[in-house]
Structure formats: structure tokens, C-alpha cells
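Please examine the following structure with attention to its charged side-chain pairs and to the packing of its helices.

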Amino acid sequence: MADYTFKLDELRNRHSKSEIVGSLKRYAEEHKVYTLSCREYDGWKHRLVSTWTIIRIFGSWGKALQAAGLRSQRTKKLQLRDMVDAFKACWKKLDAPPSRKQLEAYLEEHKYPFRWASYYSAYGGHLRLAQMIVDVQQGRIAESTLYRRVKHAPDRGPISPKLRAAVLKRDQCRCVKCGADPKRDKSVRLEVDHIIPASKKGQAAMENLQTLCFECNRGKSNDDD
Ligand SMILES: [Zn+2]
């Protein structure tokens, strides 16, 4: 009996969710976009199935996009609401404001269509959002403030020696990517790197800086190109 049910499902959904997700991701990669409409996908000559089928399988176009890690086509204001809700949920789960890594892992796990960088560009860092949430709770600012982007004057100057030393100390003088440690290997050269590059308005601030070894830092800038 189980076999027949399985066969019937197979007939109904000849393409699995993961195949469809893969196809949506391919579209996004090929076109270098973070979101796409039904019409755009239907007009693509490499499409896997019709968007009608995708909507039937996933429940909505937005859900399919979310499953593919793409942005659903919602307004910026709604996205900020989702970001605040996700941040609060993560905070609640950990019982403490999340670190950048914890927040990244949480967003990834729950397939949110935004990343830490989205918090950085909207609030100047997730810890600033944490402070704002506390301020709302204590009645110092209105709740609506959370759903507005913070205008922050970027400090794009060079990283001061003091700041550089503080970043190295926080990262325990090791490459945060590969763990290379100059205390163990004298050939290791550590650099302090902007996570969001200064050219993309990344600030020279603790939250946006990380310790990388020479190799990882070069690897990173190659990826960006
Ligand atoms: Zn490294």
C-alpha cells in the first residue's frame, strides 16, 4: 500500500522541492539577482516547471523563493519587521543577545532571506538593534523607530592602531577563518579586515572588523570580484 502512495506522489510532483530550489538558485546565479518574479521565471528558457506547479508544491511563490534563500518580493519596511522578529526570536532562544556568528547560524537555519549584512546596513550592526529593542522596552524610543533604517555616518578612515589592537585581542590573535596562529607558525601574517568593505560603506568599527591571515584575506577579495 505504501508503495502505491509513493508512486502516486511521484506522479503528482515529478520534480522534488530540492530540484525546484536548485533551479531557482540557478536562475538567481545566472542573472545575478536576489529575487525574481513568476513572469521572469516562466520566461526563462531553462526553467524546470511552470511557476503554477511551483506555487502548488510550495503553497506560494514567496515560500518557494524563501526556500531557495532568495528574497521574497516584499517592501523594505516589511523586511525590517521580519528582521526585527527574527532577531528577537534568536535572542529569546539563546536567552541573550546573539553574537554575529550565532545570528548568522540562526538566519541560515531558519532560511531567512536576509543575512547579518542586512542588519549591518539597516542598523549599523545587530548590537545597535539590540540596544534599540531595549530602548523600546524601557519607553525611551517609539517602537516604529525599529522599522526605520538608521542613518549612520560611516567612519571610513583607516583603522587606528588602537582599534586594530582591540580587534586582534578580541579574535585572540588568530585568523577567524582558518585559525592560523602566528604564535605557532611564524610565517603567518595577520591582517585586520573590513567584513563589509569600506567601498560598500563598511565602517572601521569593531563590529565590522575581523582578523584574517594573509591567505584568507586574499581569498576573500578574490571571491568578491
Ligand atoms: Zn586564515
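A residue is called buried when its relative accessible area is under 20%, exposed when it is over 50%, and partly exposed in between. The model discussed here is predicted, and the account begins with its salt bridges.

Eight salt bridges are found when the whole structure is searched. One of them joins Arg170 to Asp171, with the closest N and O atoms 3.0 Å apart. The two partners can be placed on the scale of accessibility given above. Arg170 has a relative accessible area of 38% and is therefore partly exposed. Asp171 has a relative accessibility of 12%, so it counts as buried.

A second pair consists of Glu191 and Arg218, whose closest N and O atoms are 3.2 Å apart. This salt bridge connects distant parts of the chain, since Glu191 belongs to strand β1 (residues 190-194) and Arg218 to helix α11 (residues 214-224), 27 residues apart. Glu191 counts as buried because its relative accessibility is 12%. Arg218, in contrast, has a relative accessibility of 35% and therefore counts as partly exposed. The pair also takes part in a network of salt bridges that links Arg189, Glu191 and Arg218.

A further salt bridge is formed by the side chains of Glu109 and Lys93, at an N to O distance of 3.7 Å. Because Glu109 lies in helix α7 (residues 100-109) and Lys93 in helix α6 (residues 76-94), the pair ties together parts that are 16 residues apart in sequence. Glu109 and Lys93 are both exposed.

The packing of helices is considered next. How do the axes of helix α2 (residues 17-31) and helix α4 (residues 51-58) cross, and what is the angle? The two axes come within 11 Å and cross at roughly 130°. An angle of this value falls outside the ranges for roughly parallel, antiparallel and perpendicular axes, so α2 is oblique to α4. The crossing of these two helices is left-handed. On the side of α2, the contact is made by Lys17, Ile20, Val21 and Leu24, and on the side of α4 by Ile54, Ile57 and Phe58. Sorted by class, the contact of α2 with α4 comprises six nonpolar residues, one charged residue and no polar residue. A general property of helices is relevant to such contacts: an α-helix has 3.6 residues a turn, so residues three or four places apart point the same way.

A second helix pair is formed by α8 (residues 116-123) and α9 (residues 126-137), whose axes come within 8 Å and cross at roughly 60°. These helices are therefore also oblique to each other. In their contact, Trp116, Tyr119 and Tyr123 of α8 meet His126, Arg128, Leu129 and Met132 of α9. By class, this contact of α8 with α9 has five nonpolar residues, one polar residue and one charged residue.

Helix α8 is mostly covered, with six of its eight residues buried. The buried residues in α8 are Trp116, Ser118, Tyr119, Tyr120, Ala122 and Tyr123. Among them, Trp116, Tyr119 and Tyr123 belong to the contact with α9. After α8 comes Gly124, which has a positive phi, near 75°.

Notes. Residues are numbered from 1 along each chain as its sequence is written. This is a predicted model: local features need pLDDT of at least 70, side-chain atom pairs count only at pLDDT 80 or more; totals for chains, interfaces and linings use all residues. Side-chain values use heavy atoms; hydrogens and water are left out. A salt bridge is a side-chain nitrogen of Lys or Arg within 4 Å of a carboxyl oxygen of Asp or Glu. Helices (H or I, at least four residues) and strands (E, at least two) are DSSP runs, numbered from the N terminus. Buried means under 20% relative accessible area, exposed over 50%, partly exposed in between (1.4 Å probe, protein chains only). Axes are lines fitted to C-alpha atoms, for helices over the stretch in contact, and angles run from 0 to 180 degrees between N-to-C directions. Angles under 35 degrees count as roughly parallel, over 145 as roughly antiparallel, 65 to 115 as roughly perpendicular and the rest as oblique. A crossing is left-handed if the near helix is turned anticlockwise from the far one by less than a right angle, and right-handed if clockwise. Contact means heavy atoms within 4.5 Å. Ala, Val, Leu, Ile, Met, Phe, Trp, Tyr, Cys and Pro count as nonpolar, Asp, Glu, Lys and Arg as charged, and the others, Gly among them, as polar.
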